[in-house]
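Biologist: Please take one part of this model and go through it closely. I would then like to see how that part sits beside the rest.

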Amino acid sequence: MSELRNAGNRSRLAQFDRVWGNLPGWGQLSAVNHTSVGLRFVVTGMVFFLIGGILAMLIRTQLALPEQDILSSSAYNQIFSMHGTVMMFLFAIPVLEGAAMYLIPKMIGTRDLVFPRLSALGYYCYLFGGIIIVSSLFLNMAPDAGWFMYTPLSGSFYSPGLGPDFWLLGITFVEISAMSAGVELVVSILRTRANGMSLRKMPIFCWYILAMALMIVFGFPPLILGSILLELERAAGMVFFEVAGGGDPLLWQHLFWLFGHPEVYIIFLPGAGIVSTLIPVFAQRPLLGYRWIVMAIILMGFISFGLWVHHMFTVGIPSLALAFFSMASMLVAVPTAIQFFAWIATLWTGRVVFHLPMLWILGFLIIFVAGGLTGVMLALVPFDWQVHDTHFVVAHMHYVLVGGMLFPLIAGFYYWLPHVSGRMPSDTLGRWGFWLTFIGFNLTFLIMHLTGLFGMPRRVYTYEAGLGWDLFNLISSIGGFIMAIGIAVLILDIALHFRFGQRARQNPWNADSLEWAVEMPVSTYNFASLPDVPTRHPMFEDPTLPQKIADGKYGLADISHGLREIYGSRAGTGKVMQVIHLPTNSWLPLQSAAIIAVVCLGLLTKFYWVALVAAVFAVLSLLRWSWHNGAHASSAPLTDGERTDPPLHSRMLDSPGLWGMVVAMMGNGTLYASLLFGWFYLWTAAPQWEAPTQGPLALMPLLLSGALLTLAALVFRVAVGRLRAGNGNGMQGLFWIASLIGLIHFGLLLWVLLSAPLEPTELAHDSVLTVMLMYLLIHSGLSTVVTAMQAMRVQLGYVSLRVPYEPIVVWPLWVYTLAIFWLAVAAFVLLPMGWGAA
Amino acid sequence: MLSISHPIQIVMGLIIWSVWFVVLYGLQGIGCNVAPPAAELGPWTWINALLLGLGVCVTLLLLFAAYRCWKAGQDQRVEEDSHRRFIARISGGIYLFSAIAAAAVTVPVVIYPPCV
Amino acid sequence: MCLLVTGCGGPFSALNPAGPSATAASWLWWGMFGYFSLVMLAVFAVWFYAMRRDPGDIDQQQSQRLQNRWVFWGGLVLPTVSLAAVLVVGLPIGRAMLPLPLEQGEPLRIDVTAQQWRWDVSYPDSAIMLEDRLVIPAGEPIDVHLNSADVIHSFWVPRLAGKLDVIPGRTNVIRIQADQPGIYRGHCAEFCGAGHAHMHFEVEAVESEAFQTWLTQEQANE
């Protein structure tokens, strides 16, 4: 039992446990709580890490000596492709997401993330997607075209097997979890902070995660789009990346690296966030240069989107364009240096306490600085031309990724372990783990720079003896195995500590931030009452905070109503403005994810009717989910004497749902923008671009359909305007009318698509156009259906003047649908017409 | 004009930088497709001149915005409100960095021929 | 450092250059390696000292000043100066590697078509065809025009020049030059499927006169 529980608060805390706890037994699968889901992410991610690690050991075994044939070329290609894929998509990102999901609510002083069921959905999509991808290894049909899947090698002609399909479908499935975590973390950080925690009082870690989450929202859609297009090319014979017909293999590279480079920073930012959190604690001194670091984070977040072409320096793009990206790549060194020297300043003014986590931070420093400097070298085009696609890059990349992510992550594990287990890690075994890992790592990868400079290319399954590479490779392999032993010791240490570790006292590292004010080991609700936090260092200023929180001295201490409640606050100032009702344990996430998994398997095995039926069920499941939201009568019944200070979120116009919708539309908009980019890119750059002389779409019906869509949006706008003005007249009718007009628009647009003489298997022009029309149809259909649901909810009293929140959430969807429609008309119909006329 | 202490100011400088970066890359690409200048000309072509001119304008615009934020930071009312001061200072720094970054990515147009 | 281990030799070593582009790149490497090693050691030293030192009593204002000093000099000035130095040297070097028109005359053109997993070489001015082998005159710039018959490959002769990808649907041009006669090995640098590891080729550089003789001889043989 936690030391915070006493006779005075025991029964109330027990009640909290009941309301916030997971269901027992199999009911655990319905858990939506961020602590449970976050830990599941982390543990699952570590399992995938071990799988990826075993693959790495196979690679090092094969390359240890020249001319070995332990692995065949085909096996080796599967293994290195899967090593990259597993480490990037199934380990690095999910683990960090999980850690963020676990920590963020505790740091900002709230009880859960703002969309708990979305956390659970994300987890199951990740789990099922990961299992699907890894299963391909055991079926001996794993993707073997590299984790970067360059076309045309990954196309159906050169890779006729199912490997690339496993990759494309599985990764897209897993990306659902990244996107949902991204949206959820952004909205949680902006809208559910403790009262008074303005932006500049946020723990620095929250800035890092905010940046990471926004980068996920903007960074992943290009990959999702690319995967969908490539799968359409493979399965349906459409043309996007094939030269004949007007595609271009370079479009895939652009889309992939548009995601791929930001992704590196998505991985690095949380790592740096851990460093920024731990250094002040072990220096026993508030972080110096907070404002500088915030600035550096924002700079990194943006500039990292302007670097992607440095993965494509050798594809033959004009040097001037390469130089733009070279400059941008070098600019990133500045925010990195700002952070490093802010850390140095903090250490300079502090008295450093040397615990195990600090050792890993030291490892981070040494490895990451080295990796960063080789990164600057690689950003210089004439040097990159020599070492691109050699082992030099392999070495650089492992220095930045292992240094920038794995080392801080392990530091973080040791640091936050007492939180989860209530026990302290051991020092001796931990030190062994560190030194073995650190030495093994450097042995493997330091020498690998030379292997690359001596001309050994990447991704070769074997090499001739006597080229000067033999000794280097042997050393790398020995180092690799030492590192593996180090990781094993580390895992042993962590496992043993759960059983033998010393009991930790409250706030064992004497930290400043709020996550150490929760009970240890952690409870499901974090805080029994929600304190005001007008400072950046609440635990430095009031060490008795944990007890006061447990004793219910602060807000929302009453749990007798049996509902999960948190505060919603203003994005900038952190002033509390509403009480948010959160959903409790639910089977909907598991159910939805399982159905989506069936869709995925149906597509994979080419049983398309199974996929289609499952897709319909998936939509139904998600709509049912949306039906039971926070404004539903079961979670927020309309009563006469309900609280108004602050009011419930469903009684207000500005709700977390609205923020979630807007952030989701930003991600969606990036997908759309990527498609537009693809269109313009192919149009201007594809070697054999061909456009029909006559636009294939019927112009008048298309414009009429657009006019109807505009009308439907306007009608919806009238209803929303009335709600905002406090006038509830005729809402149900307006929603029905908007929905009906939307339906007619949908029908007309569908007819335009079906009647057009499109040949998507012949021409890239028609392929892109088809995909765009389907994208528009999906959005029109969605707007229509949710508006009809709104009309029904007005009928049932779930939406009314007193509960105005849902139509406000739906409104951005209409705006978005309208915008993409007219933009598409401009880009796909009007512009080519004008171009042709000119 | 947008209030100097609106949180969106924090990212405005970098949004302008990003748009400039896309325009830079896009114009170069389109220019080389539509009317590629001869390689013999080196960097003395209409594409380079256009990009350089635009780059200077964007840099000046960002510098002006940085100056505005810095001025606002000196303002008495903002000085007292720590939240607004925080935003004004961060935005100012980011505008300044964006200006430098915009200038930096433009520099190659004085050295490289556009389409080789 | 590598001199101590095995010498910088090796038939694929970028540190054993034999052409102008590769020489420039290897100088870039040694320059950056030296300078960045110094930077790295300096950062480590400062960091270790910062951890070990006893700060004594430091008030708010002092630490503020310290912070601004560190971030300004280390976070802004250091990277800006370093990057400027790298670019001042690097950008012109990069420009010199481009296949720009020569002051006088035209560089010799050789067409190379890559496919899984071999290199087809042809000399457009004559009907000569070679496989996995290029013959070039030493001391002269050569423009290699690269085409792919299937997937993406990458043309790389480390001792002569950097690499350039071979992309289906496009023709990329890379300039290579060998200072001395000799045999220079090359291989595909972009992963291209099962045979990627064995997709090697050779560039044989011969004296100008010998090249002319070879050309006439081969043409006669065709």
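Modeller: What follows is a walk through chain C, with a shorter look at chains A and B afterwards.

Two conventions come first. Residues are numbered from 1 along each chain as its sequence is written, while chains are lettered from A and ligands numbered from 1 in the order in which they are written. This is a predicted model, in which local features need pLDDT of at least 70, side-chain atom pairs count only at pLDDT 80 or more, and totals for chains, interfaces and linings use all residues.

The domain assignment of chain C gives domain 1, residues 2-52 + 60-96, and domain 2, residues 108-221; such bounds come from an automatic or database assignment. Their C-alpha centres are 34 Å apart. Between the two, twelve residues of domain 1 of chain C are in contact with 13 residues of domain 2 of chain C, contact being C-beta atoms, placed from the backbone, within 7 Å. On the domain 1 side of that boundary there are eight nonpolar, four polar and no charged residues. In this count Ala, Val, Leu, Ile, Met, Phe, Trp, Tyr, Cys and Pro are nonpolar, Asp, Glu, Lys and Arg are charged, and the others, Gly among them, are polar.

Now the strands of chain C. Helices (H or I, at least four residues) and strands (E, at least two) are DSSP runs numbered from the N terminus, and two strands pair if DSSP finds at least two bridges between them. Strand E1 of chain C, residues 108-115, runs parallel to strand E5 of chain C, residues 142-148, and seven bridges link them. In that pairing C:Arg109 is opposite C:Asp143 of E5(C). E1(C) also pairs with strand E2 of chain C, residues 118-122, this time antiparallel and through five bridges. Here C:Asp111 is opposite C:Ser122 of E2(C). With two residues between them, E1(C) and E2(C) make a hairpin. C:Trp117 is found in the loop between E1 and E2 of chain C, and the peptide bond from C:Gln116 to C:Trp117 is cis, with omega near -5°. For comparison, most residues other than glycine have a negative phi, and most peptide bonds are trans.

Next is the side of chain C that touches chain A. In all, 68 residues of chain C are in contact with 66 residues of chain A. Helix H2 (20-52), helix H3 (60-96) and strand E7 (164-166) of chain C each supply at least two residues to that side. H3(C) gives the largest share, 17 residues. By class, this side of chain C has 44 nonpolar, 18 polar and six charged residues.

Chain A has features of its own. Its domain 1 covers residues 355-504 and its domain 2 residues 654-838, and the C-alpha centres of these two domains of chain A are 48 Å apart. The largest nonpolar core has 397 residues, and A:Val186 and A:Ile209 touch the most other members. A nonpolar core is a set of buried Ala, Val, Leu, Ile, Met, Phe, Trp, Tyr and Cys residues joined through C-beta atoms within 7 Å. A residue is buried if 20 or more other C-beta atoms lie within 10 Å of its own, exposed if 12 or fewer, and partly exposed in between, with C-beta atoms placed from the backbone. Helix H7 of chain A, residues 249-283, gives the most to this core, 22 residues. Setting aside neighbours within four places in sequence, A:Val186 is in contact with A:Leu210, A:Ala213, A:Leu214, A:Val217 and A:Val663.

Like chain C, chain A has a cis peptide bond. That bond joins A:Thr151 to A:Pro152, with omega near 0°, and A:Pro152 is in the loop between helix H4 (116-138) and helix H5 (163-191) of chain A.

Chain B has four helices and zero strands, in the order α-α-α-α along the sequence. Its radius of gyration is 18 Å, well over the 13 Å that the globule rule gives for 116 residues, so chain B is more spread out than a compact globule. That radius is taken over C-alpha atoms, and the rule is 2.2 Å times the number of residues to the power 0.38. The C-alpha trace of chain B spans about 60 × 20 × 20 Å along its principal axes. Buried residues make up 42% of the 116 residues in chain B.
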